Amino acid sequence: MIASFILGFMGSFHCIGMCGPIALTLPVQHLKGIRKLAGIGLYNAGRISAYAILGLFFGWLGRQLYVGGLQQWLSIITGSLLLLLVVLKSAGIRLTKGRHLPNAFTTKIKSLLGGLLREQRFSTLYAIGFLNGLLPCGLVYLGIAGAIASGDVLKGMLFMAAFGAGTLPAMAGVTWFSHLISLPVRNRMRSMVPVAISIMGVLLILRGLNLGIPYISPVLTSGNEHVVENCCHKP
């Protein structure tokens, strides 16, 4: 969970650039004190809830791979791809051009989100945050990769919830102190994103290597091995 929190925290300054415009148009800028804080809390609670649900689903998907005995290789391959991504990014190589390809799901989400933002009502803040959490984002994709590699429904959900919690300080800050976070500051903090991705990549590789290190590289056993073990110990 520490890796996912670090990923969320360091990557949150990338989020400011992507989701900052939404945060700055929330119907809280005219509020003061506790009510403004509550509004910011509702919005971010919605985002984190969406991440947790994504983690629940992709943790379940990872569980299916775990039962099939593929989790170890999945973890190593995912970690290696993350490190490769950092290397390519450092070399100035872009794997894709332009924005995410549109599809019916994201188009619907953007339409609903736009409608709620136009209403400018306090009661819609949680829903705005939830829908925002479902929008395509490269950083969220990295979190999803970690949720899959967890190989467990609950762990996947907690992984993505910790990722969302990591983004909370920056995303709450950009809403509360919108006039203080300048572009140069955002750019400097955004430069830390490759560090977070590298840390997560190394941890995923170590996890897949089964080195027997508690929490970092525990010994993984597939569901099939549990079945064989149980059969062998039957009287």
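**Figure 1. Surroundings of S75 in helix α3.** S75 belongs to helix α3 of this predicted model. With a relative accessibility of 0%, S75 counts as buried, because the cut-off for that class is under 20%. Leaving aside neighbours within four places in sequence, the contacts of S75 are A149, L204, I205, R207 and G208.

**Figure 2. Helix α6, residues 138-150.** The 13 residues of α6 should span 18 Å at 1.5 Å a residue, and the end C-alpha atoms lie 19 Å apart, which agrees. Because 11 of these 13 residues are buried, α6 is largely enclosed by the rest of the structure. The buried residues of α6 are L139, V140, L142, G143, I144, A145, G146, A147, I148, A149 and S150. Just after α6, G151 adopts a positive phi of about 65°.

**Figure 3. The largest nonpolar core.** This core comprises 23 residues, of which L7, L139, V140, M160, F163 and I197 touch the most other members. Two or more residues are contributed by each of α1 (2-24), α2, α3 (71-90), α6, α7 and α9 (193-208). The largest share, seven residues, is that of α6. Not counting residues up to four places away in sequence, I197 touches L7, L82, V86 and L142. Another core, of 17 residues, lies apart from the largest one and has V28, Y43, L117 and L131 among its members. In soluble globular proteins, nonpolar side chains tend to be buried together.

**Figure 4. The aromatic pair of Y51 and F163.** Three aromatic pairs are counted in the model. In one of them, Y51 and F163 meet edge-to-face, with 5.4 Å from centre to centre and 70° between the planes. Y51 lies in helix α2 (residues 33-67) and F163 in helix α7 (residues 153-176), so this pair ties together parts that are 112 residues apart in sequence. Both Y51 and F163 are buried. F163 is also one of the residues that touch the most other members of the largest nonpolar core.

**Figure 5. The ring cluster of F57, F58 and W60.** Ring pairs join F57, F58 and W60 into a cluster. A pair of aromatic rings is described by the distance of the centres and the angle of the planes.

**Figure 6. R35 over the ring of F122.** The charged end of R35 is placed over the F122 ring, at 4.2 Å from the ring centre. This distance satisfies the cut-off of within 6 Å that is applied to CZ of Arg.

How values were computed
Residues numbered from 1 in each chain as written. Predicted model: local features only at pLDDT ≥ 70, side-chain atom pairs only at ≥ 80, totals over all residues. Heavy atoms only, no water. Helix = DSSP H or I, 4+ residues; strand = E, 2+ residues; numbered from the N terminus. Expected span 1.5 Å × (residues − 1). Buried < 20%, exposed > 50% of the residue type's maximum accessible area, 1.4 Å probe, protein only. Phe/Tyr/Trp six-rings, centres within 6.5 Å; stacked < 30°, edge-to-face > 60°. Lys NZ or Arg CZ within 6 Å of the ring centre and 35° of its normal. Core = buried A, V, L, I, M, F, W, Y, C linked by side-chain atoms within 4.5 Å. Contact = heavy atoms within 4.5 Å.
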